Amino acid sequence: MQNCYSLFSRKLLAIALPLSFLMLAVEGFAQDVKVAGRTDTVGSAIDTLAKFSDKRKISDLNISKAIQTPFSNVVQLLQGNVTGLDYRRSTGEPGVPSSTLIRGTSTWFINGKSSYYAQPTYVIDGIPMIVEHPFAFDIKPYDYERIGPNTDISSIIDLNDVASIRVLKNYGESAKYGPLAANGVIEITTKRPYANQGKVLFNTYFGLSQKGSASTVNGAFENDFRMQFYNKYASPALKANYPIYLSDASQPAYFGAANWDELYYSNNYITGNSFSISGGKQRANFSFGVGQQKEAGTADKTGLDRYNVFLKINILPIKDLEIYTNLSGALLNRKRNQSLLSRFTEEEYLPDLTTPLPPNKDQLNVFYGNSEKLSDVNKNAYLQGQLIAKYNVSDKIQIRSLSAMVVGDNTREYFVPASINEGNSFISYYTGFNRRVYMDNSISYANTLSGAHRISVALGQTLRYDKYKYDYTKAYRGPSDFIKVIKTNGYQNNTFDPTMVSTYKDYINQNMTSFYGSIGYNYQEKYGIDVMLRTDGSSTLYQNGTSWFFSPSANAYWNLTKEDFLQSSKLINNLKLYTGYGRIGRTFLDNNNGYGPGYTVDIGWSGSQNIPSYAGIPTLSLPFSKGYTGFGVTTPYTEQLNLGFELSMLNNRINANIELYSKADKNLAIQIPVPSEYGFNNRLLNGMNVRNQGIELSLTALLVHTKDFQWSPGVTIQTNRNKLIALPGNATSIISNNRKITIGKPIDNYWLLQNEGIYNSDAEVPVNPGTGKKLSYNGIPLTAGDPKWKDTNQDFVIDDQDKILKGHISPILSGGFSNNFSYKNFSLNVLFSYALGRDIINSEMANRFDFANREGVDKLSGIKEITFWSKTGDYTKYPLYNPWSSVNPYQADQTLFLENGSYAKLRSATLSYDLSNAAWFKKRKISGIRVYATGNNLFTITNYSGTDPELVNYMGYDTGYGMPIPRTYTIGLNLTL
Amino acid sequence: MKTKLLFIITGLLLLCGAGCKKALDVNTTSLVTDDQMWKVKNDARSAVFATYGLLRAALSNENAFFAYGELRGGDFKVSSRQDISAVTKQDLNADYGSMAEWKDWRRFYAVIAQANLCIEKLPLVTQNDFRYRQEDLKLDLANVRFIRALSYFYLARIWGKVPLINSAAEGDFAEKPQASEADVLAFAASEATAAAIDLPWRYNGLWPEQQGMYYGQTDIQLQSIIATKAAAYALAAHVAAWQGDYATAEKNCRLVVDNNSNGGYNTAATSNLTSPNGVFSGQGYSVIFSINFAAKNQEASIKGHVEDWTLSEPFIPKKTADIYVPKDSITKIFNEPNDARFSLAADGSTVGDYFTNFSNAAPMFSKIRNLSVSQIPVFKSYQSAIVIFRFEEILLLRAEAAIFLNFRSDALANLNKVRTARNLSEFSSTDNKVVLEAIFKERRRELLGEGWRWYDLIRFKRVKEFSKLTDADIANGATRWPVSKVVLGNNSKLVQNNFWH
């Protein structure tokens with residue numbers, strides 16, 4: 001609904017401003033004017049602060065060292081190096097989306113969509129990346145994975161082209177991105193072209209991903225394990241129903257050699273190559289590059305291939321005008337895991353699960369042979385184009401205009417042949433398109449008065465147009481395993497029966513307009529203050545117009561080193577105190593919250609949620625299962641206050657940075673339970689407040705500094721304390737999906753029953769002296785073989801009121817420990833990262849012991865992957881309860897399965913040798929050449945009994961679905977000409 | 001300098017003009033707002049059929065209809081599923097996800113809320129769209145009131161004491177206390193009778209209550225799927241029977257049976273009963289009201305049908321069904337010879353399609369098997385309907401009411417209508433108690449697996465014989481279901497059932 005005026009002004013802005021620059025450029029070329037130097041002298045207030053922040057090691061990353069470690073994901077690189085990050089990954093498989101929390105989170109993780117609300121924004125050269133939108137979860141009954149290729153978009157970044165990565169945690173620095181900065185910003189700046197030099201950069205590496213050892217077991221092991229329970233507790237009826245595949249010890253499929261790991265795990269090669277060339281003169285220069293990276297997982301033939309290309313052109317057509325264009329593209333091709341859970345949740349169909357995959361290689365070959373016809377193509381294409389023009393109107397005033405378009409195109413083509421799917425083939429086709437148009441224009445003024453006072457003022461506006469859309473088609477029962485095309489026009493020549501085909505499409509448009517102004521002042525670079533005021537209007541809350549949100553932010557610093565008492569200090573080289581405050585609004589991800597109550601299609605039931613019609617007639621009802629949203633929903637926001645200081649001592653041999661922060665998320669909207677008698681489960685209300693507070697410390701010291709040998713260790717420590725301050729309405733706690741949050745407690749606690757052992761006989765079960773009844777679990781009396789759970793409130797009933805909040809998903813203390821050694825031309829960098837004070841629920845073991853409720857049932861819990869036939873964890877930790885008891889003795893949410901997940905990992909060790917000084921290379925004008933060898937993820941120190949303490953899902957469960965993070969060994973070469 | 005100036009001005013102008021508010025006016029694509037709804041006749045159609053759709057969801061979620069009506073009655077035994085097994089053992093406090101869903105009444109209240117919404121808002125459509133006449137409004141209101149009455153009837157039979165909510169909420173979620181079961185039943189009865197007045201016998205346009213075409217659908221398309229006069233009378237009869245008011249029950253049954261030519265109802269042949277295209281396709285001359293899941297409308301589903309639990313090989317690739325009727329129960333239930341539904345011949349062969357593979361340890365209950373696709377390979381999507389009322393059941397209810405009113409010949413006549421349709425000999429006795437027992441037994445045979453058994457046990461006061469509950473338990477409320485803890489937690493005015501506390 002945009003009228004002519006806005007369309008006109010949009011087009012005008014997009015075209016006219018840069019066009020006017022270009023006109024000047026053409027004019028300039030014609031005049032052959034002498035070109036002045038780079039126009040960075042007149043910086044805006046924001047840029048001043050940026051320059052200042054560059055020196056703060058707490059947020060920056062040394063890229064030249066970083067590209068020697070073959071990580072494909074930016075955050076994996078930052079782990080342990082940069083404070084403030086909590087990186088949660090559920091698997092070592094490359095390309096799977098992960099969760100990055102910057103300075104804690106205010107999101108309550110209770111379903112698959114939750115993590116989308118907590119992610120930081122990745123900004124590449126000032127353009128925020130556009131990522132997948134969670135609205136595709138609405139059409140699927142299971143939220144295990146998002147439909148589509150579901151590949152981590154941040155994997156497209158080619159680290160070889162990156163000049164610096166900064167994590168913007170303080171709102172004073174990131175306020176320029178508006179509401180996109182609410183969860184923090186990871187700001188990536190790529191290399192600008194080099195003028196007058198002509199540089200060629202070539203980086204290559206080659207390596208091996210080493211598979212871990214899997215201790216495999218076959219039916220004999222499982223038989224022995226289950227017999228303990230059958231002998232102790234099973235009735236004859238249950239014994240008669242013993243699973244058939246475990247009863248015949250002579251058949252080779254289940255009792256033969258358990259060598260399935262030879263097919264499933266493998267060592268794989270990884271490679272990476274990148275080439276870039278830049279050149280030109282001062283007045284016009286360019287850089288062009290291509291890159292490729294192949295990352296491979298060690299299980300189930302998973303992998304991720306990435307291809308990049310970029311072209312950057314920088315021209316100074318006339319004096320004072322600089323135009324920079326950057327066009328870059330990336331293609332991701334992911335080979336996904338073919339787990340049964342992934343397949344069945346995509347198909348929304350469960351075949352008969354009573355006979356699991358056999359652990360024997362020969363029997364499996366029959367299955368995998370047919371799997372050759374399975375096709376799963378996952379592609380992401382990402383294109384970004386931007387134009388930045390800067391014009392110095394005078395030596396004090398600069399105008400800057402940025403226009404960019406970012407496009408993501410994601411497809412998945414998935415076909416499951418009938419031969420491995422109980423005779424019914426399945427096909428699904430997903431195509432998604434995300435597009436962002438981003439424009440930012442600003443004018444700034446900077447002046448130095450009396451040589452001491454520097455004032456800078458800037459004014460600007462931003463426009464952002466986002467469009468997300470997808471088309472998803474799925475069909476069952478194709479005619480043959482060789483026909484993978486859905487054709488259902490009319491009733492002739494169809495390849496699929498039309499009643500077996502479902503098509504979904506959806507799109508969301510979200511736009512934002514912002515205006516901002518900033519004022520900065522510093523006195524001799526001793527004291528400085530910057531204030532930015534901005535207002536953002538978002539289209540997502542449309543109530544009688546738009547919902548504008550006002551965000552102020554400020555930064556101040558005091559450079560004590562410039563003070564008289566420290567000027568001449570020999571001990572202290574640099575001491576800066578800084579503080580900042582910012583308030584940023586949070587935009588909703590969906591568009592439905594600003595309209596008050598409405599009607600939608602919501603007549604489904606579990607297992608069939610998308611049936612939209614009754615007797616073929618379309619329906620519209622209140623959104624009963626989704627929740628009620630009334631009028632008056634307002635913008636949630638976050639306020640942060642931070643204080644820090646930077647210290648360098650002893651000739652810059654010791655560098656320390658300490659920062660304290662307090663972040664308060666206010667007015668968050670959350671689904672609050674309402675009485676069920678109105679048909680709704682919940683309603684959306686504003687009013688949740690969460691506070692995150694913490695300290696971040698980073699310290700590096702150059703301990704040994706001789707002519708040939710240097711040793712500089714460093715440590716980063718960060719803490720985060722999370723607390724729920726308020727809930728909407730009068731609620732003091734909310735329960736959802738077996739999790740509870742209570743005011744005064746963190747939002748990442750587990751909610752558990754406390755185990756105290758086992759009742760070996762009925763007599764041991766306590767009796768309520770008042771009523772004479774035995775201790776019961778939700779009304780079911782406990783008997784021999786049931787767990788001893790603590791009756792916290794002493795009411796002789798074990799129920800939700802006896803569950804306690806315990807444990808944390810996020811670590812209490814985490815960080816990294818690095819050591820850098822250099823001897824002549826050799827250098828060795830070793831990085832450990834550690835996380836302490838976090839807990840994991842080992843639901844993989846809980847599920848193994850809960851076999852009675854899972855064996856062959858027609859639900860997702862009945863799925864047995866091929867990895868079922870491996871021995872993980874510590875079986876002796878758990879008592880032998882009666883698995884058939886109705887009290888559900890092996891439920892995952894009890895302290896029995898809560899384990900400490902603290903760990904320290906050797907993330908990377910790189911040994912490199914710099915050959916640049918060798919005469920042979922110097923003669924050939926090779927300015928830099930280094931060879932290196934790196935090992936990643938070499939070992940883990942942990943007490944956790946499962947496979948890897950780092951691999952948990954968003955709710956803190958170790959489900960066993962995480963593929964192990966492989967050890968990789970690579971050798972590589974960095975060449976600069 | 002001139003160009004510089006020109007350029008600065010352009011820049012500044014654009015700076016101001018670009019932030020156009022219209023760019024922020026983006027409509028939602030997944031919600032129809034309140035001001036856009038209730039404008040045209042199709043809005044009324046969407047809202048009314050949404051009420052049917054929500055009723056379907058409430059009854060098919062985790063096979064709720066079957067779980068409430070059949071499992072506790074003890075006719076079915078469970079082979080593997082622990083949660084279903086807990087229900088058959090009256091162990092309703094057991095901790096299972098599906099158990100929590102069965103104890104949660106939210107879905108029934110969603111039907112009621114949507115019905116309340118329709119009652120309040122449908123008159124708006126008559127004001128906004130001339131094509132939606134007063135007659136259309138009357139008919140739609142009757143439909144919606146019938147569904148609401150049916151929902152309250154289920155709530156009362158399953159939970160007993162439930163809150164009575166008769167008006168749309170409008171965002172005010174006040175906690176309401178439970179009303180007594182009697183009040184709820186009285187409301188259901190009055191609503192059913194009121195709805196019956198405005199509902200036609202059939203939707204063929206020949207009845208004063210419904211002229212022309214109902215939303216463009218023909219009589220055949222709508223047969224048995226939506227509310228009719230007979231359905232409303234059937235509901236009124238059942239409410240009355242539950243209340244113990246057999247006079248009203250008999251009257252309402254008589255209205256259905258004696259007017260069966262109006263609705264075109266008759267007893268179905270036994271082959272039709274067990275055929276995939278027969279009674280349980282949901283549409284037919286013996287079905288008074290059913291919930292529809294036709295595959296041709298893409299409303300068939302994998303979950304929510306009884307076949308999911310009862311079928312196994314050769315019909316679907318599953319070794320053993322989740323639930324089955326054990327052999328000795330079958331022979332006890334079907335103890336009369338020549339029963340066309342199922343009978344055991346002298347030589348050991350079986351007749352009838354109620355059960356298949358009788359020789360197996362767990363015979364398969366194959367009475368209801370309505371797969372969406374009939375060709376191999378088997379695709380486990382089912383389109384069987386949930387039959388709420390059918391003609392044979394009303395005949396048996398009439399017989400039951402008659403016997404309580406001492407009209408023995410009437411009772412025997414109606415009982416024998418069903419018996420002869422199933423190839424059984426006619427029954428006769430001079431003892432009312434014996435006749436009642438025969439009716440009770442006949443209900444068990446005819447309606448096996450259709451969600452009646454547990455309610456029959458309660459109504460006939462025979463719960464003690466067929467379950468482990470004692471008189472004391474029953475007096476304490478054991479025959480009703482407990483309320484789920486989520487529902488209790490959401491409304492502080494609710495009180496858990498005494499027995500399940």
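How many residue pairs are in polar contact between chain B and chain A? In this predicted model, the count is 44, taking pairs with both residues at pLDDT 80 or more.

Let's look at what chain B brings to that meeting. Several of its elements give two or more residues to the side that touches chain A: the helices α1 (2-17), α2 (41-60), α4 (82-88), α6 (106-128) and α22 (485-490), plus the strands β1 (32-33) and β5 (287-291). The biggest giver is α2(B), with 11 residues. Sort this side of chain B by class and you get 46 nonpolar residues, 29 polar ones and 27 charged ones.

Now step back to the whole interface. Here 102 residues of chain B are in contact with 109 residues of chain A. People often describe the size of an interface by the accessible area that is lost when the parts come together. For chain B and chain A, that comes to about 9300 Å² buried between them, with 59% of it on carbon and sulfur atoms.

Charged partners turn up across the interface too: there are four salt bridges between chain B and chain A. To find one of them, look for B:Lys380 and A:Glu422, whose closest N and O atoms are 3.9 Å apart.

Finally, go back to β1(B), one of the elements on the side of chain B that touches chain A. This strand pairs with strand β20 (residues 598-599) of chain A, running in the antiparallel sense over two bridges. If you want a spot to zoom in on, try B:Thr33 in β1(B), which has A:Gly598 standing opposite.

Definitions and conventions:
Residues numbered from 1 in each chain as written. Chains lettered and ligands numbered in written order. Predicted model: local features only at pLDDT ≥ 70, side-chain atom pairs only at ≥ 80, totals over all residues. Heavy atoms only, no water. Contact = heavy atoms within 4.5 Å. Buried area = accessible area lost by both parts, 1.4 Å probe. Salt bridge = Lys/Arg side-chain N within 4 Å of Asp/Glu carboxyl O. Polar contact = N/O pair within 3.5 Å; in protein donor to acceptor, adjacent residues only side chain to side chain. Helix = DSSP H or I, 4+ residues; strand = E, 2+ residues; numbered from the N terminus. Nonpolar A, V, L, I, M, F, W, Y, C, P; charged D, E, K, R; others polar. Pairing = 2+ DSSP bridges.
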